[in-house]
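Reader: I should be grateful for a close reading of a single part of this model, with its place in the whole chain made clear. Please set out the reasoning where a conclusion depends on it.

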Amino acid sequence: MKSSVKRLQYSLIIILAAIILTITLVTITVLLTVTDRTMKRQMVSLIAVNSEQLRLNIDSYLTEVEDTAALIFSDEAYYAFDATDEKLEEYDIIKSEEVIESKIVDLGVMKNFADFGIVYSNDKWVGLISQVTDAMFPSGGMYDAFASTIKNEKTHDGWSFGIEGNHERLYYTKRLNENAVLVASFYSDELDNVFRSPDELGEMIIRLVDSDNQILYSTVRDEISRDIPEELKNVAESDENMAYMGADYISTVNKCENGWKIVCSLPNTTILRSTERLKNICIFVAIVLSTVFIIISLIITRRITRPIGGELSILNQKAMTDQMTGLINKSSFESIVSERLKAGENEMNVVFAMFDMDNFKQINDNLGHAKGDEVIVKMAELLKEGFDDTFTIGRIGGDEFAVYKNYYIEEKEAVTKIFDELLDKLYESFDKTFESEKKECSLSLSSGVLVTRNVESFEEMYKKADNAMYQSKQNGKGSVTHYKDAGGDADEK
């Protein structure tokens, strides 16, 4: 009888232990599965935001190269000269080349280009054509090789890679006249400073690829000049900026202005490494200590939720986008602009403008908060349409917005004129879009604009632009006021 009771007791213990163990394993499996998915979704959001910023960075870098090349068109003597013209006297040729040489050498040295020179159809060149590039064409053909890379019929320019097997440099070619092209190049490893990621994405692989999926730049150096890995080809061939959460990778693709694409990929094993370690610990503890399930489950829950909560908190802090408008939020806007100022953009003319919708409170009071939200969203869309991807656009308050851009143009007046033309179009669109709101609630748009250089901080720009915007409101609202650096007075438009 006692033995039967003991056997029954043992059986009950075994059954109970098996039930407890099963429940423990199922609970842990479900919990970690949910955690894995949550971590993936949050990480996808972080990677997507970072990839978009990388696109902005590379577009800005390539635009700077193009803008520098465009400076050659500042004087007809630079771009109209044709070294192949047999009617020119040798003395005139020498003098013209001296003038051109001085200009392009100054530009090339200032931007630290590997190459920056003009190549003529007879394969003669002027400027900074490196020995490496010159040696690529021992039998001639330099002009034909670079001229063939000009694919854009509107702008008469083009980007290229791997010319004559050179995979260390990226080349930009701009046609000057029928028999002359400007050639500029830089080493691909200079893009290390452009493609920077936060520590949370330290193991992410960043690749810059062309339309043929050839890798022009990669954080994995030995990949350069190869085709993109097979598992990422479908991602790279997308014509939209998208994020993908696959079985093995989280990946994103972002298209640059010149047609190249940025493809980022992060292995799921990297993302879920910490939870995989926790899973092994949990299973081991469940098997060994199933009889104290409650205590162990509390410890496991605390150990699981604490790091997960911490990581989710970090991811939330990294969120850069205003959910209503899709624009960059205030803190991220300030951070991005501050970093760009530290990177030296303040050495050129920069534009910082603030916008505030006058009498917006009447929209909420008279037409309802849903209508107010609709107005905010439409205003954000107007800013996106009015200012291209070279601008940083943010929502910095309830009905306040700001835009920032640096111009590689020396004359402040020229920058002001360009930006004023954009403002005129924005105000025209504003009046058309909010015609009924203007009649019902006197909705208008006040703005303050700062065009300056050598600005020391974001706070300094913000204060000056805000003062100018305040002056617009004081002068009757619905107007643009420029802040003048000299004396700090304002100039209403």
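Author: Within the protein chain, 61% of the contacts with a separation of 6 or more are made by residues 24 or more positions apart. The model is a predicted one. Its protein chain has 15 helices and 16 strands, and 44% of the 493 residues count as buried.

The part chosen here is a sheet. Five strands form an open sheet in the order β2-β1-β5-β4-β3, and their pairing is antiparallel. The edge positions are held by β2 (125-128) and β3 (157-161); each has a single partner strand, so one side of each is left without a neighbour in the sheet. On average, neighbouring strands of this sheet are turned by 20° against each other, direction ignored. In general, the strands of a sheet pair through backbone hydrogen bonds, and the pairing is either parallel or antiparallel.

From the edge strand β3, the description can pass to its partner. β3 and strand β4 (residues 169-177) run antiparallel and are joined by five bridges. Two pairs of residues illustrate this register: Asp157 stands opposite Lys174 in β4, and Phe161 has Leu170 of β4 as its bridge partner. As to burial, eight of the nine residues of β4 are buried, so this strand is largely enclosed by the rest of the structure.

On to the next pairing. Eight bridges connect β4 with strand β5 (residues 180-187), and these two strands also run antiparallel. A hairpin of two residues leads from β4 to β5. Thr173 has Val183 in β5 as its bridge partner.

Strand β5 also contains Leu182, which merits separate attention. The relative accessibility of Leu182 is 1%; a residue is called buried when this value is under 20%, and Leu182 therefore counts as buried. When neighbours within four places in sequence are left aside, the contacts of Leu182 include Tyr172, Thr173, Lys174 and Leu176. Leu182 is also in contact with Ala69, Ile72, Phe116, Gly117 and Ile118. Trp125 lies 57 residues from Leu182 in sequence, while the C-alpha atoms of the two are 9.4 Å apart in space.

A helical region offers a second view of how burial is arranged. Helix α12 (residues 369-386) has 18 residues, which at 1.5 Å a residue should span 26 Å; the C-alpha atoms at its ends are 26 Å apart, in agreement with that expectation. Its buried residues are Gly372, Val375, Ile376, Met379, Ala380, Leu382 and Leu383. Viewed down the axis of α12, these buried residues fall within an arc of 155°, so they line one face of the helix. An α-helix has 3.6 residues a turn, so residues three or four places apart point the same way. Ala370 and Glu385 are exposed and are carried on the face of α12 turned away from its buried side.

Helix α12 also meets helix α11 (residues 360-367): the two axes come within 6 Å and cross at roughly 145°. On the α11 side, the residues involved are Phe360, Ile363, Asn364 and Leu367. These meet His369, Lys371, Gly372, Val375 and Ile376 of α12. By class, this contact of α11 with α12 has five nonpolar, three polar and one charged residues. Gly372, Val375 and Ile376 thus appear among the buried residues of α12 and also in its contact with α11.

How values were computed:
Residues numbered from 1 in each chain as written. Predicted model: local features only at pLDDT ≥ 70, side-chain atom pairs only at ≥ 80, totals over all residues. Heavy atoms only, no water. Helix = DSSP H or I, 4+ residues; strand = E, 2+ residues; numbered from the N terminus. Expected span 1.5 Å × (residues − 1). Buried < 20%, exposed > 50% of the residue type's maximum accessible area, 1.4 Å probe, protein only. Arc of directions from axis to C-beta. Axes fitted to C-alpha atoms, helices over the stretch in contact; angles between N-to-C directions. Contact = heavy atoms within 4.5 Å. Nonpolar A, V, L, I, M, F, W, Y, C, P; charged D, E, K, R; others polar. Pairing = 2+ DSSP bridges.
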